[in-house]
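Here are a few exercises to work through with the model open in your viewer. Try each task before reading its solution.

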Amino acid sequence: MAEKRTPQLDELEKGQWPSFVTEIKKAAVKNEASKELLHLLERSYEEKRGHWKHGGIVGVKGYGGGVIGRYSDLPEEYPNLAAFHTVRVNSPSGWFYNTQSLRTICDIWEKRGSGLMNFHGATGDAILLGTTTDQLQPIFDELSEEGFDLGGSGSDLRSPSCCVGPGRCEHACYDTLEACYNITNEYQDELHRPMWPYKFKFKFSGCANDCTASIARSDCAIIGTWRDSLIIDQEAVKVYVAEGLNIQDVVCDRCPTNALKFNAETQELSVIAEECTRCMHCINRMPKAITPGKERGATILIGGKSTIVQSAFMGWVIVPFMKMEGDFEEFKDLMGRIWEWWDENGKTRERIGETIYRLGMTNFLTAIGLPAVPQMVYRPRANPYVFWPEDEIKK
Amino acid sequence: MAILDQGPLNYKEQLPPIIHENYGKWRYHENPKPGVLKHVSESGAELYSVRVGSPRLVSLDFIREICNLADEYCDGYLRFTARHNVEFLVSDAAKVEPLIAALGERGLPVGGTGASISNIVHTQGWVHCHTPATDASGVVKAVMDDLYEYFVSSKLPAQLKISLACCLNMCGAAHCSDIAIVGVHRTPPRIDHEKIRKGTEIPSLVASCPTGAIRPNPKEKSVVVNDAKCMYCGNCYTMSPGMEIIDPDNDGIAILVGGKVANARTNPMFSRMVIPFLPNNPPRWPEVTDAVRNIVETYAANAHKGEKMGEWIERIGWERFFTLTGIEFNEKLIDDFIFSRETFRTSAAFKY
């Protein structure tokens, strides 16, 4: 292809933030498709519109998901973008890598793809951006030979992801890295072979700071918490006082439930354990003095999703506290019941949050055998439109 | 022949020795300077994490370069964060400053910790998606160049998360961010009956519309759209290539603010729309960068220390937010979808 100018994209090489244009140009030196991508993107900037054709169904043998097919709508002008598919590679828990693993991906991708990648996609996969249909199976063969597997796409279990957890955080209330790894492996079939009404995402966060945004970005959020009292080290509290922290103002007055009391005279901080909602604020402000309690587990929330179709939902509580230990049997047992109900009752392209919303929490809880508890709601209903099952009515 | 169902790499083989030794035994952490975290374990071991901004869309050369740095300074280990930053895991305190210098030489910014603006969670845009109303990488680059000082410092009242989604599928975190930049259309889909007949499951197409604007059209073996009910979400185009909706003259960007996901102090919140439309103006999107900067600076000047964007706005009241930012309020910001009533002011308490 003749050299074309890219004045608009060149402008985006200026400035202090690392430039994606520079990255595409680096890839373009070695790869014709990346070079054409640069020119196609410049054209999109001129015309203010994308140039990718609708949809595209491609994949690898044995799987129903993991590859996003993509075709340019200008194949004559950009022949190397006629097919430009994305391969999702399931990333290790917490996005930890040794450099050997990353180099292995790079070597395979250099040989068989555009050389462009996303580290990472929003769900957590390593995204290999742009290859042709005939390369998909060889890429997968070579990746799998090196111990990698594809991530999810379509109406399946998407690649679970987790926060850094006990790997590097003192707040972690369960082993998010192990839970993510174990549960991803348990449900390989559900991840690779779409069989559900729509997509389903897990995200594992070690505490209520929710560093994976699980409550908003996963159908099932597993958020670490504790059931006893948070632990206060009074000596460390005094050090914070000596360092000038205004504990009354910065910590106690911001406590959402007024559960923290600071005695300015004795410089002692105390908590009313049964009033604490474990929001993490005091721990975040005084990590050297306050730690989560000893009886640790997770709160399970369901239904989080983005806008389409019925507006964005945040996940809501279905299990206030569950131990996340061993082989995670209790969790898996619950998920089995939930998926069976959703698979049976969900409409095509209906996220589980929308299915529960349509059919009612009562039906959902009854079907999966979870007792209704006040922790599931902010407040009880205000309308009196109550459904009564026949067997609770005198005949 | 590929090995099926072997799952991701085992994370245990990807952890540096210092993490293996102190796994689950971290005692506390400090933020000695912007972009650097120091974690101390019960054993007294110290791990330094140096956080570096990444464009997310990267080349092989970028990954190999950070691998070289990780080999030299971090025993060959690194990680990525949930906001697409790179974290170098340094177990030797003496290597922290040399690493930061090496990163500086390569133009890689160290920051994104504490009360900063960290990386922008974003999507594919014109680089690789078929339904976008705007680009992702370009807008992110323009906004981060403009707000660069807030990435490499920690001077805001609290952490401020910005996200971008190139259409209202809102892949990523736009619905739950302090500031969200979202691609929007403003014109109904253009029906191509031939394409619908060929490649569309019509009942699914009809069901895809949030407002019930699409009806079957048996005569054409296609559909009709009631334009008056269409709010241009583009979900019908996701379902069918015969519902082309991209319109370069009318597509653009909406700005939402005040979302959060953490539970600290206040419950998680959705982002709320404050600007319904700004034009696509590549390559620098000046209307968008100006709008975002105005919101950031007004927040920085007015919020209490430790207060997130949404907490600040809820405390002062949304009417006050519009006064302080000078953003025009208009009818497009009043919700008229199915959950709207709870957003109306059912109280006589408000500010003039």
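**Exercise 1. Find the bridge partner of Val67(A) in β2(A), then place both strands in their sheet.**

Step 1. Look across from Val67(A): its bridge partner in β2(A) is Val87(A). In this predicted model, local features need pLDDT of at least 70, side-chain atom pairs count only at pLDDT 80 or more, and totals for chains, interfaces and linings use all residues. Residues are numbered from 1 along each chain as its sequence is written, chains are lettered from A and ligands numbered from 1 in the order in which they are written, and side-chain values use heavy atoms, with hydrogens and water left out.

Step 2. Count the bridges: β1(A) and strand β2 (residues 86-89) of chain A are joined by 2, in the antiparallel sense. Two strands pair if DSSP finds at least two bridges between them; strands are DSSP runs of E with at least two residues, helices are runs of H or I with at least four, and both are numbered from the N terminus.

Step 3. Extend the view to the open sheet, whose 5 strands follow the order β1(A)-β2(A)-β5(A)-β4(A)-β4(B) with antiparallel pairing. At the edges stand β1 (67-68) of chain A and β4 of chain B; each has a single partner strand, so one side of each is left without a neighbour in the sheet.

Step 4. Add the helix: α4(A) lies across β4 and β5 (126-129) of chain A and runs at about 150° to β4(A). Such angles run from 0 to 180 degrees between N-to-C directions, with axes fitted to C-alpha atoms, for helices over the stretch in contact (heavy atoms within 4.5 Å).

**Exercise 2. Describe how chain A and chain B meet: which strands pair, and how much area is buried?**

Step 1. Start with the strands. Strand β4 (residues 116-119) of chain A pairs with strand β4 (residues 57-59) of chain B, antiparallel, over 3 bridges. Asn118(A) has Leu57(B) as its bridge partner there.

Step 2. Take the totals. Chain A gives 118 residues to the contact and chain B gives 117 residues. Together they bury about 10400 Å², 59% of it on carbon and sulfur atoms; buried area is the accessible area (1.4 Å probe) lost on putting two parts together, summed over both.

Step 3. Turn to the charges. There are 11 salt bridges between chain A and chain B, where a salt bridge is a side-chain nitrogen of Lys or Arg within 4 Å of a carboxyl oxygen of Asp or Glu. Asp107(A) and Arg64(B) form a salt bridge through their side chains, at 2.9 Å from N to O.

Step 4. See which element contributes. Helix α4 (residues 99-112) of chain A provides the largest share of the side of chain A that touches chain B, 8 residues.

**Exercise 3. Work out the strand order of the open sheet in chain A with mixed pairing, and find its edges.**

Step 1. The 5 strands run β6-β7-β8-β13-β14 (chain A). The edges are β6 (161-162) and β14 (316-322) of chain A, each with a single partner strand, so one side of each lacks a neighbour in the sheet.

Step 2. Check one pairing: β6(A) and strand β7 (residues 202-205) of chain A run parallel, joined by 2 bridges. Ser161(A) stands opposite Lys203(A).

Step 3. Finish with helix α12 (residues 329-345) of chain A, which packs on the sheet and touches β7, β8 (220-226), β13 (296-302) and β14 of chain A. The direction of α12 makes about 155° with that of β14(A).
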